[in-house]
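Let's take a walk through this model together, with the coordinates open beside the text. The stops run from cysteines to rings, cavities and backbone.

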Amino acid sequence: MQSIDALLRKRLVVCVGCGGVGKTTTAAALALAGAQRGKRTAVITVDPARRLKDALGLATLSVEPHRVVVGDVHFDALALDTKHAFDALIQRVAPTRAAAQRILANRLYQELSTELAGSAEYMAMEKLHELLHLHRYQLVIVDTPPSAHVRDLLAAPNRLINLLASRAVSLLQAPASLLGAGSITGRVTVGALLKVLQRWTGLDLLRDLADFVTAFEHLTEGFTVRAEEIGRLLHAPSTAFVLVTSPDPHTADLAAAFHRELAASKFPIAGIIANRVVAFPRVRDQQAAVAGWDEPLRGRLLENYAALLRLSRRDRQTLRHLQDATGAPLLAAVPAITAAPTSLAGLADFAQLLAPA
Amino acid sequence: MRQPRFIVVTGKGGVGKTVVTAALGLAAAQRRRRALIIETASDGSLARLFGRSTLGPAPSRLQAELDAVHVDARDLVEQYFARLLRFRWLSDRLLSSNTFNALTAAAPGVTEFLLLERVLQWIEPGLTGRHQRYEVVIVDAPATGHVIKLLGTPRRLAAMVPAGPLGTTAGRLLQLLTDHQRTHVVLVSLPEDMVVRETIEAYTTLRGDLGLHVCRPVLNRVFPSRFTAEDGQRIAASPDTGPVVEAARFTLAARREAERTSAQLRRALDEAPIELPQLFGDELGAADLGPFADVLGPVVLDHLPPRTTPRRAGGPRRGGSG
């Protein structure tokens with residue numbers, strides 16, 4: 001399809017969609033299609049289950065680019081390790097080595113760094129930046145984590161910054177600032193509040209938190225600069241977002257919701273890729289089509305065909321509704337017959353269906 | 001009164017968690033056990049199955065013995081802190097603080113903890129009796145990865161905050177979750193290689209690492225066996241590539257995949273999956289739930305697994321099956 005070719009002329013393609021729609025496989029197949037078109041291509045997955053390596057038939061997939069050879073073309077694949085990336089980021093943005101060490105050693109940081117909402121997503125964006133600038137790829141495909149909302153994915157940098165730059169620091173040093181309270185009633189309020197919170201959590205947690213937030217205080221500037229760069233990158237004309245979905249009404253609804261969020265934040269959306277689409281054409285004369293078969297198989301063939309025509313109609317309607325709701329074009333509809341590829345040959349077949357070379 | 005049950009339905013996106021949740025709710029109601037369905041997604045698909053457009057933040061009646069409620073992360077935070085702080089003026093100040101909002105939005109486990117804490121209110125309302133008590137609470141939970149986090153939260157919290165009201169709640173939750181006669185996880189899967197692999201992974205983690213009771217997995221959208229083995233051979237051998245015969249090949253392939261993945265689950269988990277059929281109607285509706293309830297009810301609701309001694313907070317991890 002021509003529109004897939006237009007997509008592959010971009011520099012950065014971000015695949016979004018809910019889990020279980022073949023997003024990882026689609027990302028890998030797009031990378032292969034890019035490589036087949038002569039681009040120096042990388043695909044990055046942040047999927048915690050590391051299913052990309054299943055799709056690529058690879059036993060090892062790490063934060064370092066790993067060359068995948070399919071026939072006479074190749075592309076690079078890498079999986080993101082959130083903890084590793086977070087540690088590296090701290091070391092890069094901390095003003096001194098001692099400051100970095102202090103954060104890395106904090107108990108709360110160790111507990112929270114991988115799970116702080118949005119950190120996996122933020123790190124994906126970070127890595128992206130590095131890939132495009134350091135490794136000079138011509139095309140980078142991103143398989144995003146299966147977030148429930150785009151905002152979790154793309155607001156992640158801002159959310160981290162909000163937390164760190166908000167007056168969380170001063171909150172813990174001078175609790176009154178939490179409520180912005182300079183007045184006497186304000187101080188009374190805060191006193192009461194803190195009493196409850198301390199009793200509620202136990203004192204140690206608050207102390208650890210204060211320590212953690214204080215340590216982060218110096219990092220916010222580095223974070224902010226990075227987040228702004230990433231924001232610009234994601235809005236660039238050379239970037240395209242693709243909604244990956246299955247024709248299931250439920251996942252299509254989620255895809256439409258993703259689209260609304262992306263559009264609201266003015267991200268460039270290229271279109272929709274639908275996987276596992278049942279699409280059997282209607283034959284004019286069914287009786288003639290089964291004339292060569294005898295009963296009872298003939299009856300079974302017709303009954304089965306009727307059932308699959310109903311599925312085909314359902315899928316067609318769902319995808320039409322999705323296109324109407326989003327105004328986004330359908331870039332490709334990959335037929336359902338293909339089982340998810342678990343080998344490189346399978347991936348090549350999938351890529352051929354998705355983006356015929 | 002029978003011991004209340006807490007059922008967590010999870011699986012990859014798009015596997016049919018919502019339908020399984022709704023069918024289990026129906027099955028509980030048919031058994032005259034007051035049931036509550038909790039919707040956590042905001043797409044309203046659960047409501048639609050029962051012919052409603054949306055569900056509210058307070059439990060509302062779907063049919064006799066069956067209520068449903070929508071829980072929202074922000075509401076959970078607000079209501080919890082309002083209750084904790086007792087005074088309206090106090091909680092209003094806290095909730096209007098940007099710092100507080102940034103903190104609760106980013107900190108891991110906050111909404112997870114509050115969701116579970118809310119569930120506790122519905123099955124162990126305590127002396128205050130502010131909430132109605134339900135005999136079966138079923139949550140249409142987020143995708144598997146999140147659920148593992150959700151169900152692991154009380155343990156982590158109990159280890160982090162051993163004392164105080166927060167720690168006590170975490171301890172009670174841990175007891176509820178690890179009691180095999182009270183809490184059950186239902187994993188929904190599809191006859192697809194990667195989905196089945198994830199189901200097996202989740203089953204092992206939930207059962208082994210978290211010590212939870214996991215029911216027989218549900219294999220959804222299993223294609224019917226429309227053709228005999230002999231039919232299959234004739235169809236495969238035929239040179240006909242028209243849509244009617246191709247459709248038959250599609251069904252045969254899908255059926256083979258269903259049988260293969262079903263066997264894969266049985267081998268890996270030592271339990272046969274509960275199979276739900278692929279439906280060919282236009283859109284799933286209330287009429288489809290009955291047959292699903294008939295299949296799911298006996299396995300999930302009528303069966304009581306052996307009793308376990310709930311583990312204490314922060315205790316050592318137990319390997320193997322629970």
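## Cysteines

Is A:C15 buried or exposed? A:C15 is buried, because its relative accessible area is 0%, and buried here means under 20%. Please keep in mind that this is a predicted model.

B:C215 is buried as well, with a relative accessible area of 5%. As for disulfides, the structure holds 0 of them over all chains. A disulfide, as a reminder, is a covalent bond between the sulfur atoms of two cysteines.

## Chain B at a glance

Chain B has 12 helices and 9 strands. Of its 322 residues, 57% are buried. Among the contacts in chain B with a separation of 6 or more, 75% are between residues 24 or more positions apart.

## A buried arginine

Where would you look for B:R182? You will find B:R182 in chain B, in the loop between helix 8 (164-178) and strand 6 (183-189). B:R182 counts as buried because its relative accessibility is 12%, against a cut-off of 20%.

Its surroundings are worth a look too. Setting aside neighbours within four places in sequence, B:R182 is in contact with B:Q3, B:P4, B:R5 and B:F6, and also with B:E124, B:Q175 and B:L176.

## An aromatic cluster across the chains

How many aromatic pairs does a search of the whole structure find? The search finds 4 over all chains. One of them joins A:F280 and B:F250, whose ring centres are 5.5 Å apart; the planes meet at 85 degrees, so this pair is edge-to-face. The pair crosses between chains: A:F280 is in the loop between strand 7 (269-277) and helix 15 (286-289) of chain A, while B:F250 is in helix 11 (residues 243-269) of chain B. Both A:F280 and B:F250 are buried.

Another edge-to-face pair is made by B:F223 and B:F280, with 5.6 Å from centre to centre and 90 degrees between the planes. B:F223 is in the loop between strand 8 (218-222) and helix 10 (229-237) of chain B, and B:F280 is in the loop between strand 9 (274-277) and helix 12 (286-302) of chain B, so the pair ties together parts that are 57 residues apart in sequence. B:F223 is buried at 7% relative accessibility, and B:F280 is buried with a relative accessible area of 11%. Taken together, A:F280, B:F223, B:F250 and B:F280 form one aromatic cluster. A charge joins the scene at B:F280: the charged end of B:R226 sits over the ring, 5.0 Å from its centre.

## Cavities

Inside the whole structure, a search finds 4 cavities of 30 Å³ or more. The second largest has a volume of about 50 Å³.

Which residues line the second largest cavity? The lining is made by B:T10, B:G11, B:K12, B:T144, B:L187, B:V188, B:V195, B:E198, B:T199 and B:A202. Strand 6 and helix 9 (193-209) of chain B each supply at least two residues of this lining. Helix 9 of chain B gives the most, with 4 residues.

## Backbone points to check

Most residues other than glycine have a negative phi, and most peptide bonds are trans. With that in mind, here are some places to inspect. A cis peptide bond joins A:E295 and A:P296, with omega at about 5 degrees. A:P296 is in the loop between helix 15 and helix 16 (297-326) of chain A.

Which value does phi take at A:R276? Phi of A:R276 is near 55 degrees, a positive value in a residue other than glycine. A:R276 is in strand 7 of chain A and counts as partly exposed because its relative accessibility is 25%. In chain B, B:R221 also has a positive phi, of about 55 degrees, although it is not a glycine. B:R221 is in strand 8 of chain B, and at 25% relative accessibility B:R221 counts as partly exposed.

Technical notes. Residues are numbered from 1 along each chain as its sequence is written. Chains are lettered from A and ligands numbered from 1 in the order in which they are written. This is a predicted model: local features need pLDDT of at least 70, side-chain atom pairs count only at pLDDT 80 or more; totals for chains, interfaces and linings use all residues. Side-chain values use heavy atoms; hydrogens and water are left out. A disulfide is a pair of cysteine sulfur atoms within 2.5 Å. Buried means under 20% relative accessible area, exposed over 50%, partly exposed in between (1.4 Å probe, protein chains only). Contact means heavy atoms within 4.5 Å. Rings of Phe, Tyr and Trp (its six-membered ring) pair if their centres lie within 6.5 Å; planes under 30 degrees apart count as stacked, over 60 as edge-to-face and the rest as tilted. A charge sits over a ring if NZ of Lys or CZ of Arg is within 6 Å of the ring centre and within 35 degrees of the ring normal. On a 1 Å grid over the protein atoms alone, a cavity is a set of points where a 1.4 Å probe fits but cannot get out, and a pocket is an open set with protein on both sides within 12 Å along at least five of seven lines; lining residues have an atom within 4 Å of a point. Grid points are joined across faces, edges and corners, and a volume is the space filled by probe spheres set on the points.
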